[in-house]
Amino acid sequence: MCHKKHNDCHCDNKKHNLVRASAFRANKNTPQLYEAALTPSVKVLFQTEQFDLADEYNPHISTFIPTKDGIYEITAKVSFCPSKSKSNDSSKNKKDNCKCDYCSKNSCNCDYCRKHHSSSKDKKRNSSKEGYVASISINVNGDNLDIVNDFLEKSRPIGLSVTTILQLQAGDRVQVLFSADANGEILAEASLTNFQAARFPSPM
């Protein structure tokens with residue numbers, strides 16, 4: 001009787017119907033520009049495979065396609081650096097250049113203008129509290145099944161990650177989508193932007 005416990009055993013005496021191990025990890029090797037005005041979300045590209053035990057990840061389309069039904073743990077991480085916003089003020093000492101709604105003059109100091117238009121200093125202080133929303137999602141066959149989003153400070157690089165456990169069917173197409181309401185760049189470093197999955201041992 002064969003006593004092999006490896007997946008390459010093909011004899012008639014094996015006691016268990018062994019299933020080939022399924023796991024992969026891929027990283028991003030090229031920065032990816034993101035323009036919020038052009039698309040609500042983009043597929044994140046992970047071009048470099050670290051490993052792929054069952055040849056189920058396609059780096060050319062950045063898609064995981066399992067060959068067996070099963071329960072899978074899927075994790076993705078995306079790091080994003082928003083573009084720095086350009087200030088409309090040409091000088092730190094320049095007064096607010098908005099047009100007064102009451103007397104139609106520029107840089108007016110009337111009571112109405114002082115009440116309804118903040119100074120450049122106040123505007124700068126308020127802008128530091130502004131931010132943007134970014135999200136990362138695990139997309140299966142065109143549907144976003146798990147989404148993580150956050151409100152983040154302007155001009156600050158951030159990292160978002162999502163981990164989920166899903167029941168997948170053979171042939172499902174699993175991708176990672178990213179969206180934000182700020183322009184910027186998805187960073188390309190193995191520790192910052194990556195995509196991975198593994199199948200749990202199960203009878204499925």
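## Strand β7 and the core around it

Let's start with one pairing: Cys-81 has Glu-185 of β12 as its bridge partner. That contact belongs to a set of three bridges joining β7 to strand β12 (residues 184–186), with the two strands running antiparallel. Keep in mind that this is a predicted model, so confidence gets its own section further down.

### What β7 pairs with

Strand β12 is one of the partners listed here for β7. β10 also pairs with β7 in the antiparallel sense, over 11 bridges, and in that pairing Tyr-72 sits opposite Leu-166 of β10. Then there is β13, antiparallel to β7 over six bridges, where Thr-75 is matched with Gln-196.

| Pairing | Sense | Bridges |
|---|---|---|
| β7 with β10 | antiparallel | 11 bridges |
| β7 with β13 | antiparallel | six bridges |
| β7 with β12 | antiparallel | three bridges |

### A serine in the strand

Ser-79 is another β7 residue. Is Ser-79 buried or exposed? Its relative accessible area is 4%, and because buried means under 20%, Ser-79 counts as buried. What does Ser-79 touch, leaving out residues up to four places away in sequence? The list is Ile-158, Gly-159, Glu-185, Ile-186, Leu-187, Leu-192 and Thr-193. Glu-185 in that list is the residue that bridges to Cys-81.

### The nonpolar core

The largest nonpolar core has 31 residues, and the ones with the most contacts inside it are Phe-64, Ile-74, Ile-138, Val-176, Phe-178 and Phe-195. At least two core residues come from each of β1 (23–27), β7 (70–82), β8 (131–140), β10 (158–168), β11 (174–180) and β13 (194–199). As a general point, nonpolar side chains in soluble globular proteins tend to be buried together.

Val-176 gives a good view of this core. Beyond its neighbours within four places in sequence, Val-176 is in contact with Val-42, Lys-43, Val-44, Phe-46, Ala-76, Val-78, Ile-136, Ser-137, Ile-138 and Phe-195. Ile-138 and Phe-195, both in that set, are also among the residues with the most contacts inside the core.

### Where to trust the model

Across the protein chain the average pLDDT is 77, and 64% of the residues score at least 70. Among the elements, strand β6 (residues 63–64) has the highest mean, 98, while helix α2 (residues 120–127) has the lowest, 44.

Two stretches stay under 50. Residues 86–102 are one, with 29 contacts beyond four places in sequence in the model. The other covers residues 118–129, with eight such contacts.

Key
Residues are numbered from 1 along each chain as its sequence is written. This is a predicted model: local features need pLDDT of at least 70, side-chain atom pairs count only at pLDDT 80 or more; totals for chains, interfaces and linings use all residues. Side-chain values use heavy atoms; hydrogens and water are left out. A nonpolar core is a set of buried Ala, Val, Leu, Ile, Met, Phe, Trp, Tyr and Cys residues joined through side-chain atoms within 4.5 Å. Buried means under 20% relative accessible area, exposed over 50%, partly exposed in between (1.4 Å probe, protein chains only). Helices (H or I, at least four residues) and strands (E, at least two) are DSSP runs, numbered from the N terminus. Contact means heavy atoms within 4.5 Å. pLDDT is the predictor's confidence in each residue, from 0 to 100. Two strands pair if DSSP finds at least two bridges between them.
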